[in-house]
Every structure is written in structure tokens, then in C-alpha cells.
Amino acid sequence: MRIGIDVGGTNTDSVLMEGDTVLAGTKAHTTDDISTGIVNSLDGLKAERDFDPGAIEAVMIGTTHFVNAFVEARRLVKVAALRLGLPATASLPPMVDWPQRLVEATGGRSYLAHGGHEFDGREISPLDPDEIKRIAADMRANGVEAVAVSSVFSPVNDEFEVRAAEILAEELGPAVAISLSSRIGRTGLLGRENAAIANAALSAMAQTVVGGFERSLADYGVTAPLFLSQNDGTLMGADYARQYPISTFSSGPTNSMRGAAVLSGLEDCAVVDVGGTTSDIGILVNKFPREANTEVEIGGVRTNFRMPDVYSIGIGGGSLVSGDAVVGPQSVGYRLTTEALVFGGTTLTASDIAVAAGMAQMGDPSRVAHLDKEFVASAVQRIADDVADAVDRMRTSSDPLPVVAVGGGSILLPDRLPGLGEMVRPDNFAVANAIGAAIAQIGGEIDQVFTVAPGTRDNVVTEAREAAVERAVEAGADRDTVRIVDFDEVPLPYLPGNATRIRCKAVGDLKGA
């Protein structure tokens with residue numbers, strides 16, 4: 001047996017699973033300290049299906065706490081960005097395009113040093129250890145708590161980043177967390193560098209949050225290993241999550257999409273995950289979320305690390321409904337059970353509309369009996385039209401595409417969406433996100449620029465595939481179950497030497513599962 005938990009901004013959803021069978025599923029309100037909400041959720045599971053905490057084999061958690069903290073610029077530490085690339089790259093310093101509030105929240109310190117490589121691995125300039133030591137002394141004098149190291153084309157050759165990190169660790173000590181851009185982002189200096197800085201800024205919070213997860217489970221008697229969900233639908237161990245909290249940024253929608261794949265049995269479909277505040281729309285390809293091919297903006301900062309292609313609109317169970325039947329984007333969020341009309345509150349929400357329309361049963365229906373039927377029908381139609389338009393925006397062809405609705409707020413959606421046909425609403429749809437966390441696998445990915453000489457393509461492709469498999473195995477996957485689920489090969493004609501960008505993703509079952 002294993003437990004999947006998804007800690008959202010409104011609810012903490014949990015499921016108890018054995019194989020692909022859902023034994024129990026429950027929702028609890030998310031709490032400020034996170035741990036209480038998790039314990040309450042586990043209590044709900046135990047009440048629904050009694051289990052021995054010591055018999056649990058693994059616990060998988062998805063959380064939005066890190067991305068929320070970054071977007072809101074809270075609980076961030078003072079970061080220094082060190083870029084290796086002089087005499088090149090000096091015209092655009094690190095954090096040049098960051099919003100001022102995030103620059104202030106992270107301290108905004110940056111340094112340029114010699115180093116870096118060309119796309120084919122040739123040095124731009126040698127790394128100067130003395131220069132790094134002088135920079136480390138200035139960091140220490142200014143109270144830097146974490147460092148993000150980036151080097152030009154480090155996904156091709158990370159030698160300078162690794163060496164600079166070793167020097168910084170010696171000079172600054174173990175208390176200062178160090179993030180390497182080559183471990184986080186893809187080819188493209190600024191986006192990769194931004195992702196590393198964001199990761200470093202969350203380093204202290206990662207220790208606190210992951211430690212809180214572990215203590216909550218231990219106090220409950222669960223001794224099984226803890227894993228956290230990543231943006232691409234795979235898992236990472238607790239220690240890895242402490243180092244790379246940025247890898248959880250989009251785990252909520254990703255878990256919902258993976259859960260939708262299991263519950264519906266569909267490998268290729270659109271998924272609409274309706275929560276308390278927003279509806280997230282994504283596309284499943286071969287049971288995994290389609291990844292964004294462009295830079296993803298988070299809190300006004302452009303990044304280029306692994307993120308699913310998700311489109312969000314402000315429609316959820318707690319969305320406010322105006323007098324002209326416009327739904328959202330404002331929401332009562334986790335206050336739904338106290339502010340909605342059906343729960344004795346004074347605010348008209350989308351959930352009240354669903355109850356009045358006979359689409360859902362919750363609270364006291366008599367409290368919305370006075371609503372005008374035409375007004376209710378108009379609001380229901382507005383929700384359906386807005387969601388259908390969002391799904392249509394995500395499609396890349398006119399071919400028929402099944403739509404799967406999950407999330408507790410999916411009760412707002414009709415059985416058919418305009419222009420898209422019938423919608424699939426599987427069993428246990430309300431806790432699809434927790435199911436997605438529970439069934440997640442271990443993944444490894446490589447994204448590099450290779451020089452492909454005439455007659456060597458097959459060898460280069462084999463090298464890339466083997467590297468992806470090895471990364472999955474190192475992350476904890478059972479080698480016998482690892483398979484390649486995504487492969488992309490793009491020639492780069494603007495670079496010399498038959499340069500080709502290869503992206504390869506391997507996925508396997510958790511070792512010992």
C-alpha cells in the first residue's frame with residue numbers, strides 16, 4: 001500500500017492505494033503549518049479505511065507551497081548569482097529582467113567571472129580559482145545565504161560550474177546552499193540562470209517544508225520513504241527535493257493530469273482540473289503531460305526548466321459570481337465553507353450556482369432557491385463556454401480530443417462542452433491529484449547540444465538515450481522497468497559543426513515497488 005497526498009492552497013487531498021486500486025480517498029482543509037492539514041487528511045483516510053501506518057511502503061506528496069512562496073516573494077533567502085562567462089555575457093547581468101519586489105526579496109547580488117564554454121565544449125576563458133575566492137569573500141561579507149552558479153553552455157559541459165561550487169563550498173561553509181544551473185535548466189543562459197536563482201532563494205524553505213513532511217509522517221507512525229512530485233509527473237526523493245524545490249513548481253496540475261490518465265484509461269486527452277480558485281487545462285501525450293516548449297514565466301521571471309504546458313483560467317468552486325453572471329476570477333478560496341450561500345455565508349459563488357442548477361449537492365440548497373433560473377442557467381453556460389474556449393486554445397490540431405474532468409470543482413462543468421462533445425468524469429475524480437502523486441514513477445532527462453559529425457548520429461542518439469536511462473536509475477528507478485517516453489531531436493542550423501539539440505526523457509517504476 002502507498003499514500004498519495006496533494007497539498008493545495010485550499011484542500012489537502014489524500015488517497016490510500018494498493019496497486020492501481022483506490023482503497024480510500026479524502027479531503028481536508030490545508031492549514032498554515034501544512035503538517036496539521038496532512039495529519040487531518042491521514043485521519044480521514046484511516047476513518048474511511050483502517051490501515052497500519054507501518055505497512056505503508058511509500059508516501060508521495062505534491063505541493064504548491066514553493067511556487068506560491070516565490071510568486072508572493074515571501075520566505076526567500078538572500079541569494080548571490082555567480083555567472084561564469086567573461087569576457088562574454090557582460091551586457092545583460094543576472095536578474096536584469098526580474099520584478100523589483102523579487103530583486104529586493106532575494107537581495108539582488110550578482111557577480112561575473114571568467115569561464116564558460118562554447119556549444120561544442122570549447123572554453124570561452126579559463127576558470128580563475130583566485131577570482132572565485134575573492135567573490136566568495138565579498139559574498140560572506142554581505143551575508144549571502146545561498147548561491148546560484150551559472151556558466152555559458154553548462155548543459156553541454158558543467159566542468160566550470162562544478163569546480164566553482166567546490167571552491168565556494170570550501171570558502172563559505174555548509175550553511176550556504178549552492179544551486180547549479182546545469183542541474184536545473186535547459187540550454188539558454190538567462191532562463192536557466194533565473195531558474196537556478198529561484199531555486200537557491202527557496203533553499204531554506206525547502207529544508208523546513210520537507211522536514212515538516214517527514215516529521216508529520218513519522219509522528220503518525222509511517223516509516224516508509226517520502227517522495228515529492230516533480231513538474232514532469234515523476235518523483236524525487238526527499239533529499240533531492242531539499243536541493244531542488246523548484247522541481248515542484250507545477251506538481252499540482254501535473255498530478256491531476258497523471259491521475260486523470262489512470263482513472264480514465266486514456267493515453268492522449270485534454271484534462272480540465274477544476275479547483276477552488278482556478279481551472280488548469282493541460283494535454284496528456286502517452287499518459288504524461290505535454291511539456292512547454294517555450295520559456296515559462298513564473299511571478300514575472302522567465303525560466304526554461306521542465307514545466308508542463310498548462311493554461312489556467314480564474315474559474316473554480318469558490319469563484320465569485322457577479323450580477324451579470326460573470327464567474328471569477330476572484331475567489332473565496334479556502335473560505336468557501338464559511339462564505340458561500342449554501343454554507344450560511346453571504347457571498348454568491350460558483351458552487352452556489354452548481355447547487356441551484358441541480359449539478360451538485362452540498363450545504364443547504366434552500367439558501368439558493370431564490371436565485372433566478374435564467375440567471376443560474378446563464379452562469380452555468382458562461383462557465384462551460386470559458387472552459388471550452390480554454391481547451392480549444394490548448395489543442396494543436398482539429399482532430400477529436402477526449403476531455404477528462406477532474407478536481408472537486410469539476411461539478412461545475414456540464415456533461416458536454418460546447419464544440420468539444422461529451423466529457424469523461426471518472427470515478428474518484430475529486431482526488432485525482434492525490435492519485436497522480438501515488439502512481440507517479442521515477443524519471444530522468446537529458447537536454448543537450450551535441451556535435452553530430454557525418455556518420456555518428458546513431459552513436460550520439462544512443463549516448464543520449466543511455467544518459468537519460470542512467471539519470472532515472474540514479475534517481476531511484478528500477479532499471480528493468482525504465483523506458484524512453486519522449487525523444488526530440490532538433491538540428492541547429494545557425495551553429496557550426498552540425499549542432500543538434502537532443503532532449504530525451506526516461507521513466508521507470510520506483511525501485512522495490
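Which residue of strand 21 does R416 stand opposite? View 1 has the reply. The model is predicted: local features need pLDDT of at least 70, side-chain atom pairs count only at pLDDT 80 or more, and totals for chains, interfaces and linings use all residues. Residues are numbered from 1 along each chain as its sequence is written, and side-chain values use heavy atoms, with hydrogens and water left out.

**View 1. A hairpin joins strand 20 and strand 21.** R416 stands opposite E422 in strand 21. Strands are DSSP runs (E, at least two residues), as are helices (H or I, at least four), numbered from the N terminus. Two strands pair if DSSP finds at least two bridges between them. Strand 20 (residues 416-417) meets strand 21 in the antiparallel sense, over two bridges. Three residues lie between the two strands. In that turn, G419 has a positive phi of about 80°. Strand 21 (residues 421-424) also runs parallel to strand 19 (residues 403-406), again with two bridges. There, V404 stands opposite V424.

**View 2. Nine strands make an open sheet.** Their order is 3-2-1-4-9-10-22-24-23, and the pairing is mixed. Strand 3 (21-29) and strand 23 (483-491) stand at the edges; each has a single partner strand, so one side of each lacks a neighbour in the sheet. On average, neighbouring strands are turned by 30° against each other, direction ignored. Axes are lines fitted to C-alpha atoms, for helices over the stretch in contact, and angles run from 0 to 180 degrees between N-to-C directions. Strand 4 (residues 58-63) and strand 9 (residues 226-229) run parallel, joined by three bridges. One residue of strand 9, L228, is the bridge partner of I61.

**View 3. Helix 7 lies across strand 4 and strand 9.** Helix 7 covers residues 203-219 and runs at about 135° to strand 9.

**View 4. V59 sits in the largest nonpolar core.** A nonpolar core is a set of buried Ala, Val, Leu, Ile, Met, Phe, Trp, Tyr and Cys residues joined through side-chain atoms within 4.5 Å. This core has 60 residues. I3, V59, F70 and F249 have the most contacts inside it. Contact means heavy atoms within 4.5 Å. Beyond four places in sequence, V59 touches I3, I5, L217, V222, P225, L226 and F227. Another core lies apart, with 42 residues, among them A354, A405, L412 and L413.

**View 5. T234 is buried in strand 10.** Buried means under 20% relative accessible area, exposed over 50%, partly exposed in between (1.4 Å probe, protein chains only). T234 has a value of 0%. Strand 10 covers residues 234-237. Leaving aside neighbours within four places in sequence, the contacts of T234 include L228, F288, I442 and V507.

**View 6. The second largest pocket is lined by 31 residues.** A pocket is an open set of points on a 1 Å grid over the protein atoms alone, where a 1.4 Å probe fits, with protein on both sides within 12 Å along at least five of seven lines; lining residues have an atom within 4 Å of a point. R183, Y240, R306, E445 and R471 lie nearest its centre. Strand 22 (441-451) gives the most to the lining, with six residues.

**View 7. H370 is exposed in a loop.** The loop lies between helix 11 (350-356) and helix 12 (373-394). H370 has 60% relative accessibility. Its C-alpha atom and that of V342 are separated by 12 Å, though the two residues are 28 apart along the chain.
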